[in-house]
Amino acid sequence: MSSAAKPFDWRYTPGLALLTAAILAFLYAPLLILVAYAFNSSRMVTIWSGFSLRWFVQVANNGDIRGTAVNSLIIAVAATIASTIIATMGALALERGNLSFGRGLVTGLIAMPLVVPEIVVAITTLIFFSSLGMHYGLLNLIIAHTVFCIPFALLPIQARLRGMGGTLEEAGRDLYADEWRLFRRITLPLLAPAIAAGAIMAFVVSLDDFLISMMVSSAGSTTLPVYVYGMMRLGVTPEVNAISTILLVVSLIFVAAALLLGRRYQRSV
Amino acid sequence: MGSNRTMLLIAPAVLIIGIFMLIPMFIAVAYSFMTANPYGGVTPPATFDAYVQFLFQRDFDDSLVYSPDYIFIILRSVYLAAATTVVCLVLGLPVAWYIVCQTERRRQALLFFITLPFWINTLIRTYCWILILRDEGIANNLLRQLGIIAQPLPLLYHDGSILLGLIYTFLPFMVLPIYSTLERIDPRLIEAAYDLYADRIAVFRRVIWPLAKPGALAGASLVFAPALGSFLAPDLLGGGKKLLIGSLIQMQFTSSRNWPFGAALSTVIAVSILLVLMLRARRSGRQESRA
């Protein structure tokens, strides 16, 4: 053993680099395979016969896909706006407020959508709406999505409030700024990138949701993932590959933006 | 900020989640004690039928016959969720340690790539494995072209493919919490252990693992809970024939139209997961107060 040179280089463990590379390949190879097949011109999905965009054209011309995509966008935009406002207020209360009692209870309640298995959330929401006789189509879905988007929007905002500390706000208070001016002139501008990151996360989580949407949606309010699931059940087709690739790329772009945004303001603190 | 203003700010979050998530769970518990309406929903006479159904089936002459089918589905779900957790731990722990040992720049990049799949639609991530594993899929085609097999291997629609799908979905949930506990390890502890002639295995057993344990526990519950209730992996990769609790619950609200039984099943899952979380919170609370 040549360990005499560096007897305790504990930062290097043989084989770990290889394992990590294998895990990353395991995580990403299936996605690359999907994207490759989406550009395959053959109808026989797994036989490669040249590059083609025809399946994307076919998806774009599919009225059902367009209609359900519009539903998904309406729900995602509405749920993002509602959950981001609610989450911003909640984060301010948790980090800057004076929550003398029930702090643990409130934190636990807000984290509930992250902890309870999705299938349980899905069927309890379905039972709730049906027991009240609430059949408002898209509105039911907007409410259900707002609930599970709140914790995702809250996390980056709360982290930013904790990270930036209260010194600037205290300085403002010393200069006799009232609470509203303080918020408009100091807290909100500093918080803006985190609010944007939280909103993007909420948007992606809403756009990607499948199980809750499937149980809560009715005939007219089907979302895109629910429709794509129906296509998948009928079999592997090039159209499914193309629409899945579109959804994949949309999520990737938004999340990469949110994560990079998050890192930039973390460094600026 | 005054406490009145604080209350006003926190109220919308508490009300929305309370009304549309907490109250529905209590309504679902109430539904589990009702009689099934064959057209969906429930009808008045309150019964324990839904819970009796876990172990017994009602025969044609209305007598109860012992039938362990549903118990087997529950046990299989617990077994697959536990197997997923163990595999994710075995793979996730070394990866988390590898990331901790890198330079700051590489750490950030690796964490980014481990986190990213978490935000991609689970529906699509699960579907990718159909492309790979089905009879005309890439794996079988490759094996056939290499001349290893003549007939396609049945790679889809069994417990193994469900397990693979679950591991693929939940692996990032294990790496991140372990990473965040390992990141705080004081390097001097490890150097001290090496100075005292500990080898790699001893350092892992005596220093790294004890410090990684809280993260591993957090990761285990983040993997186990959603894996137990998962719907997509058993449905798409198990072919919907191999039921797990998640797909069994979903069926009660669609094809089987037995809402009380579905509500009873999800009550049982929700209660058991809450119990585990409360136990963990109490244990970590006690550890903190001891420290």
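Helices are counted here as DSSP runs of at least four residues, and strands as runs of at least two. On that basis, the secondary structure of chain A in this predicted model comes to eleven helices and zero strands, so that from the N terminus on the chain reads as an unbroken series of α elements. The radius of gyration of chain A is 23 Å, well over the 18 Å that the globule rule gives for 269 residues, and the chain is therefore more spread out than a compact globule. Its C-alpha atoms fill a box of roughly 75 × 70 × 30 Å, taken along the principal axes. Of the 269 residues of chain A, 45% count as buried, and among contacts between residues at least 6 apart in sequence, 77% join residues at least 24 apart.

Chain A is divided into two domains, with domain 1 covering residues 14-52 and domain 2 covering residues 55-268. The C-alpha centres of these two domains of chain A lie 29 Å apart, and the contact between them takes eight residues from domain 1 and eight residues from domain 2. On the side of domain 1 that touches domain 2, the residues divide into six nonpolar, one polar and one charged.

Within chain A, helix α4 comprises the 13 residues 103-115, which at 1.5 Å a residue should span 18 Å; the end C-alpha atoms of this helix are 18 Å apart, in agreement with that expectation. A kink of about 30° nevertheless lies in α4(A) at A:Leu109, shortly before the proline A:Pro113.

Chain B, in turn, has twelve helices and four strands. The radius of gyration of chain B is 24 Å, whereas the globule rule gives 19 Å for 291 residues; the value is well over that figure, so chain B is more spread out than a compact globule. The C-alpha atoms of chain B fill a box of roughly 75 × 75 × 35 Å along the principal axes. Buried residues make up 40% of the 291 residues in chain B, and 67% of the contacts between residues at least 6 apart in sequence join residues at least 24 apart.

Helix α9 of chain B, formed by residues 200-228, departs from a straight course: a straight helix of 29 residues would span 42 Å at 1.5 Å a residue, but the end C-alpha atoms of α9 are separated by only 35 Å. A bend of about 50° is located in α9(B) at B:Trp209, and a proline, B:Pro210, follows within four residues.

Further along chain B, B:Lys242 is found in the loop between α10 (232-237) and α11 (245-253). This lysine, B:Lys242, has 18 other C-beta atoms within 10 Å, and because a residue counts as buried only from 20 such atoms and as exposed at 12 or fewer, B:Lys242 is classed as partly exposed. Leaving aside neighbours within four places in sequence, B:Lys242 is in contact with B:His158, B:Asp159, B:Ile162 and B:Pro234. The C-alpha atom of B:Lys242 is separated by 52 Å from that of B:Tyr197, a residue 45 places away along the chain.

The two chains also meet one another, in a contact that takes 70 residues from chain A and 70 residues from chain B. On the side of chain A that touches chain B, the residues divide into 52 nonpolar, 14 polar and four charged.

Definitions and conventions: Residues numbered from 1 in each chain as written. Chains lettered and ligands numbered in written order. Predicted model: local features only at pLDDT ≥ 70, side-chain atom pairs only at ≥ 80, totals over all residues. Domains from an automatic or database assignment. Contact = placed C-beta atoms within 7 Å. Nonpolar A, V, L, I, M, F, W, Y, C, P; charged D, E, K, R; others polar. Rg over C-alpha atoms; globule rule 2.2 N^0.38 Å. Expected span 1.5 Å × (residues − 1). Bend = angle between axes of the 7 residues up to and from the residue.
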